[in-house]
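I set out to record a few look-ups on strands, cysteines and one annotated repeat. The entries follow in the order in which I made them.

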Amino acid sequence: MTLNIKSYLSILVLFAAIAFSACKKEDTGDGRYNANYPMQIASFAPMEGNVGTEILIKGRNFSTDTSKIKISINGIPLKVINSNGTEIMAAITTRTGTGPVVINIADNAIVSVDNFTTTYAYNVSTLAGTGAAGFQNGLGKAASFHFSDDVDGHGNVRCQMSIDNNGNLFVPDPGNKAIRKVDPAGNVTTFYQDASLNNVCATAVDDAGNVYTADRNGDGDNCKVRKITPDGQVLVLGTINRELTAIAINKTTGAIYVSAFYGDGIFQIKNGNATKVINHSLPCNVTIDSKGNLYGTHYDDQTVIKYTYDAAADKFDGGTIVAGQNKSGGWVDGIGTNAKFNRPWGITADADNNLYVVGQGEGDNSNCVRKIDALTSAVTTIAGKGDARGNVDGDGPTVARFNGPSGVAVAKDGTIYVLDRDNNAIRKITVQ
């Protein structure tokens, strides 16, 4: 068939239109964003880093207008620094955790195949305490506590502290028969002091600001559990004929639990009565997560055990090991039962249910802070060294040193506080 000039021109116009239409759906290649063409993330680097880390994302069809680009990891926005259309530079602004990189431009979004992993820097400083036993209120290192130096039969108690919603610490000070309050700036005051406090070893605080205390020893070994209201009223909630070592509150139900070291279990205090709800040997410290599950450090087992809470039945199961090897001690980081603890003592949970464990060890020689990841049960040493004593501020795992830490608490912003017993100090770990 012979085409005339008119038909030939019509075909050319048709092909040109098709080609133009196809081009509209393709990436321009010159950095101009095309909403009709999908974005692509080819790679990004580095794949891990701390707050402030800049990551370079390579791909296609990115806008050059940084005001139109939104980048996030786990819903946390990054700062977009610049873009040339095929490469974007962005910075980590806060702790994002581990997750894929998400880019949003207009109504389009793309998610990276690989994850970015946030690494953490832990810096240790001294919030309060002179380093020597004493009783002095004041700011920071002008204040003194009496945790160690057992000159009158009351120091050297392994103590656990607590923190309220405003970041105030409530610190048992057995050598001074007192509960001390330390605000976030390091101002130390006396919250409560009474001669009847007999080796007070632990505190817990509820959302209303009531402070609960537990005595390690008492007359006839009757160790008291007290409630101290914000206006100074003191109520004895119960006594247990055992050596108490910790107290914790389920803030959802209001239930109060205490660990009885030589009572071989964890008791609930209710209506003036103490009922054993968990039967396990030598529980040291306890903490409760956001779901009401209870975690205990166990001196003999050298493990951290989770007791899952059944809200409908209001009871706990028999417990499963979260981390540590049964009756096998050491300072080995790893996943779950691949890790080792050396007779762990203090424990607390943060807002994400990650656990932090400090202290004890053979001959009180376990001078480090360990973290147990809530999702993976990975155990890492974030500050101090297990077999090295000292009183040194600085980078957590390499420079900082503790001396017999026994208590730990975590603020809402993730700041970690350590009761450093033999240094008679409260140490602060800033997470970056």
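**Entry 1: the five-stranded sheet**

I began at Ile-69, which stands opposite Ile-105 in β8. I note at the outset that the model is a predicted one. I then looked up the strands around this pair. Strand β4 covers residues 69-73 and strand β8 covers residues 98-105; the two run antiparallel and are joined by five bridges.

I next traced the sheet that contains them. This open sheet has five strands, in the order β2-β9-β8-β4-β5, and its pairing is mixed. At its edges I found β2 (48-49) and β5 (76-77), each of which pairs on one side only.

**Entry 2: the four-stranded sheet**

I turned to a second open sheet, formed by four strands in the order β16-β17-β18-β19. The pairing here is antiparallel. The edge strands are β16, at residues 200-205, and β19, at residues 234-240; each of them pairs on one side only. From one strand to the next, I recorded an average twist of 20°.

I looked more closely at one pairing within this sheet. β16 pairs with strand β17, residues 211-215, in the antiparallel sense and over five bridges. In this pairing I noted Ala-202, which stands opposite Ala-214 in β17.

**Entry 3: cysteines**

How many disulfides does the structure hold? I found zero. Cys-159 is in no disulfide, and the nearest cysteine sulfur, that of Cys-201, is 6.7 Å away.

Why is there no bond from Cys-201 to Cys-159? The closest cysteine sulfur to that of Cys-201 is in Cys-159, and the 6.7 Å between them is too far for a bond. The cut-off I applied is that the two sulfur atoms of a disulfide lie within 2.5 Å. For reference, I add that a disulfide is a covalent bond that links the sulfur atoms of two cysteines.

Is Cys-159 buried or exposed? Its relative accessibility is 0%, so I entered Cys-159 as buried. Cys-201 is likewise buried, since its relative accessible area is 0%. The threshold behind both entries is a relative accessible area under 20%.

**Entry 4: the annotated repeat**

Last, I consulted the UniProt record, an unreviewed entry, which places the feature "repeat: NHL" at residues 402-432. I then looked up what the model shows for this span. Residues 402-432 are 58% strand and 0% helix. The C-alpha atoms at the two ends of the span lie 20 Å apart.

Technical notes. Residues numbered from 1 in each chain as written. Predicted model: local features only at pLDDT ≥ 70, side-chain atom pairs only at ≥ 80, totals over all residues. Heavy atoms only, no water. Pairing = 2+ DSSP bridges. Axes fitted to C-alpha atoms, helices over the stretch in contact; angles between N-to-C directions. Buried < 20%, exposed > 50% of the residue type's maximum accessible area, 1.4 Å probe, protein only. UniProt positions renumbered as here; feature names shortened; annotations may be inferred.
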